[in-house]
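Grab a pencil and work through these exercises one at a time. Try each task on your own before you read the solution under it.

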Amino acid sequence: MKVLFVTAEAHPFVKVGGLGEVAYSLPKALKSSEIDIRVILPKYKFPKKIRKKMMLLGRYKTYIGWKSVDCELWTLNNNGIQYYFIGNSFYFYRNDIYGYGDDDERFIYFCKAVLEGIKYMYDFTPDILHCNDWHSSMVSPLKKLYYVDNEIYANIKTLFTIHNIAYQGTFGKDTLWMLGLDEHDIQVKKLELNDGISFMKWAILESDKISTVSESYSYEIQEEGYGCGLNSIVKKRKKDLIGILNGIDYDIYNPEKDSNILYKYSKQNLDSKIKNKLYIQRDLKLEQDGSIPMITIISRLVDQKGLGLIEAAMKNIMSLQVQLIILGTGSSYFENKFKYLETKYKNKLRVITEFNDCKARQLYAGSDMFLMPSKFEPCGLGQLIALRYGTIPIVRQTGGLKDTVKDYNEYINSGNGFTFKEYSVNDMLESINRALNMYKNKDLWIQIMQLAMDCNNNWEKSSQKYKILYKNIIK
Ligand code: GLC
């Protein structure tokens, strides 16, 4: 079975969020004698040492509307996985990955160049194009539209995975020409959303199968509140929709081996976990005392992740006997706001507005609790990493958070965290307080940490589900 995994980001080359992480770990877990899975992404402004390892497979052209544009297909092998890169300096040799005024054109181009690029892969004709999020969402519809008479392409099936329906590639109708369409084409109905167009809408309608990154999220997006305008379209396709929970790479995230942390530890020697906490307290100039509960937020600082709730609850949280650390970058509103709050609560609050993987690992290792009060969460990876490091998640019951974190019940010693239902300051504080109360009982807390570390969130189970899904698609 041959699968081409199409994505806008993939670790170790480029990672902005969870997608980049999954685009690394899922293919790694799937690659086997049975599945030849390869990954394709844009050739961004990579460091020279990566560019030097790439081999050019072909130069060809594609069209943006009537405009002919150049494409290059590059390749390299990394840890046994074959990667392909679409090269066009104008579109991709830039400082950032997303956020440009011509993102519509850049990613339409990417999708078209991927489709045409298949011809230059020589030893590899995919059975399945596995596309991810809006950046690669034009692959399935454009394949249907422009390659309908091509026998090779007609046999290629498509899977579209929604990592986040809130980012669906919405643009004005003045984008249509880039797809070779004008307002009167019958296709346009399939893209129309409000006054403009939605890339994801077309992909949901035209892909053979659709998946989401947790089971709960697959149901949530059929409802109005979560579907971001596409709920009825998703519902229409519900027979072909499946939720498969993301996993994390247990080699990369391993408190026994992680080279980013000073004191390695396991379920059996949790004393060393506290040493990591003392190190953080020293490093961040917080009071050094192993018994003060340390709560961490590692997140993009955006509304989705519940940062508004944290802002509203800050005064209350700061009145508790805790240390709170926030790590992440995001909207300038939240960055500035939390930086300001840090000066106000300098004894208890630290805000690090960086995208810093090493610091993140140290915090996962050294903290006691991991707070993730998301408004919505397709899967969420932070809580999975936290569990692996014995750091107890406090989460809102939504999407993947609901599927992976269960309330701790001391009477039957089951569960792995603390959860709350409503998106409200009171509900969140209630579950923080529940966690803090249990924390006072050292033996009990050790049991909770061990339960957390016993959870298995590697890719084993979920990659099997993808395998079955792939088989079904080909059938
Ligand atoms: C998106 C979602 C996140 C998910 C990730 C990987 O970033 O917001 O919940 O974990 O994609 O699928």
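Before you start, keep in mind that this is a predicted model.

**Exercise 1: a small sheet**

Task: Work out the order of the strands in the open sheet of three strands, and find which strands stand at its edges.

Solution: Start with the order, which is 8-10-9, with antiparallel pairing. Next, look at the two ends of that order: strand 8 (170–171) and strand 9 (192–193) each have a single partner strand, so one side of each has no neighbour in the sheet. Now zoom in on one pair. Strand 9 and strand 10 (residues 196–198) are antiparallel and share two bridges. For one of the residues involved, Leu193, the bridge partner in strand 10 is Gly196. As a reminder, strands of a sheet pair through backbone hydrogen bonds, and the pairing can be parallel or antiparallel.

**Exercise 2: the helix across the sheet**

Task: Which strands does helix 7 lie across, and how many of its eight residues are buried?

Solution: First find helix 7 at residues 199–206; it lies across strand 8, strand 9 and strand 10. Its direction makes an angle of about 45 degrees with strand 10. Then go through the helix residue by residue, using under 20% relative accessible area as the cut-off for buried. You should end up with Phe199, Met200, Lys201, Trp202, Ala203, Ile204 and Glu206. That makes seven of the eight residues, so helix 7 is largely enclosed by the rest of the structure.

**Exercise 3: a parallel pair**

Task: In which sense do strand 1 and strand 2 pair, and how many residues of strand 2 are buried?

Solution: Take the pairing first. Strand 1 and strand 2 run in the parallel sense, with five bridges between them. One example to look up is Phe5, whose bridge partner in strand 2 is Val39. Now check the cover: strand 2 (residues 36–42) has seven of its seven residues buried.

**Exercise 4: following one arginine**

Task: Is Arg388 buried or exposed, and what does its side chain reach?

Solution: Begin with the location: Arg388 sits in helix 15 (residues 382–388). Its relative accessible area is 18%. Buried means under 20%, so Arg388 counts as buried. Then list the contacts, skipping residues up to four places away in sequence: Ile248, Tyr250, Tyr253, Asn254, Pro255 and Met453. Pick Tyr250 from that list, because the side chain of Arg388 reaches the backbone oxygen of Tyr250 at 3.0 Å. For a sense of distance, the C-alpha atoms of Arg388 and Lys53 are 34 Å apart, with their positions 335 residues apart along the chain.

**Exercise 5: one loop, two residues**

Task: Asp133 and His135 are found in the loop between strand 6 and helix 5. Are they buried or exposed?

Solution: Place the loop first: strand 6 covers 128–132 and helix 5 covers 139–146. Asp133 has a relative accessible area of 7%, which makes it buried. For His135 the value is 6%, so His135 is buried too. Next, check the backbone: phi of Asp133 is near 60 degrees, a positive value in a residue that is not glycine. Finally, look around His135. Its side chain makes a polar contact of 3.3 Å with the side chain of Trp134. Beyond its neighbours within four places in sequence, His135 is in contact with Ala8, Leu19, Tyr98, Phe107, Phe110 and Cys111.

**Exercise 6: backbone oddities**

Task: What kind of peptide bond joins His11 and Pro12, and is Lys285 buried or exposed?

Solution: Check omega between His11 and Pro12: it is about 5 degrees, and the bond is cis. Pro12 belongs to the loop between strand 1 (2–6) and helix 1 (18–30). Move on to Lys285, in the loop between helix 11 (271–283) and strand 13 (294–298). Lys285 isn't a glycine, yet its phi is positive, about 55 degrees. Its relative accessible area is 69%, so Lys285 is exposed.

**Exercise 7: around the ligand**

Task: Which residues come nearest to the ligand, and how much of its area does the protein bury?

Solution: Of the 13 residues around the ligand, His163, Asn246, Glu377, Cys379 and Gly380 come nearest. Now try two distances. A side-chain N or O atom of Asn246 is 2.7 Å from an oxygen atom of the ligand. A polar backbone atom of Gly380 is 2.8 Å from a ligand oxygen atom. Last step: the ligand taken alone exposes 310 Å², and the protein buries 93% of that.

Notes
Residues numbered from 1 in each chain as written. Predicted model: local features only at pLDDT ≥ 70, side-chain atom pairs only at ≥ 80, totals over all residues. Heavy atoms only, no water. Pairing = 2+ DSSP bridges. Helix = DSSP H or I, 4+ residues; strand = E, 2+ residues; numbered from the N terminus. Contact = heavy atoms within 4.5 Å. Axes fitted to C-alpha atoms, helices over the stretch in contact; angles between N-to-C directions. Buried < 20%, exposed > 50% of the residue type's maximum accessible area, 1.4 Å probe, protein only. Polar contact = N/O pair within 3.5 Å; in protein donor to acceptor, adjacent residues only side chain to side chain. Near = heavy atom within 4 Å. Areas by Shrake-Rupley, 256 points an atom, 1.4 Å probe, with all protein chains shown as cover.
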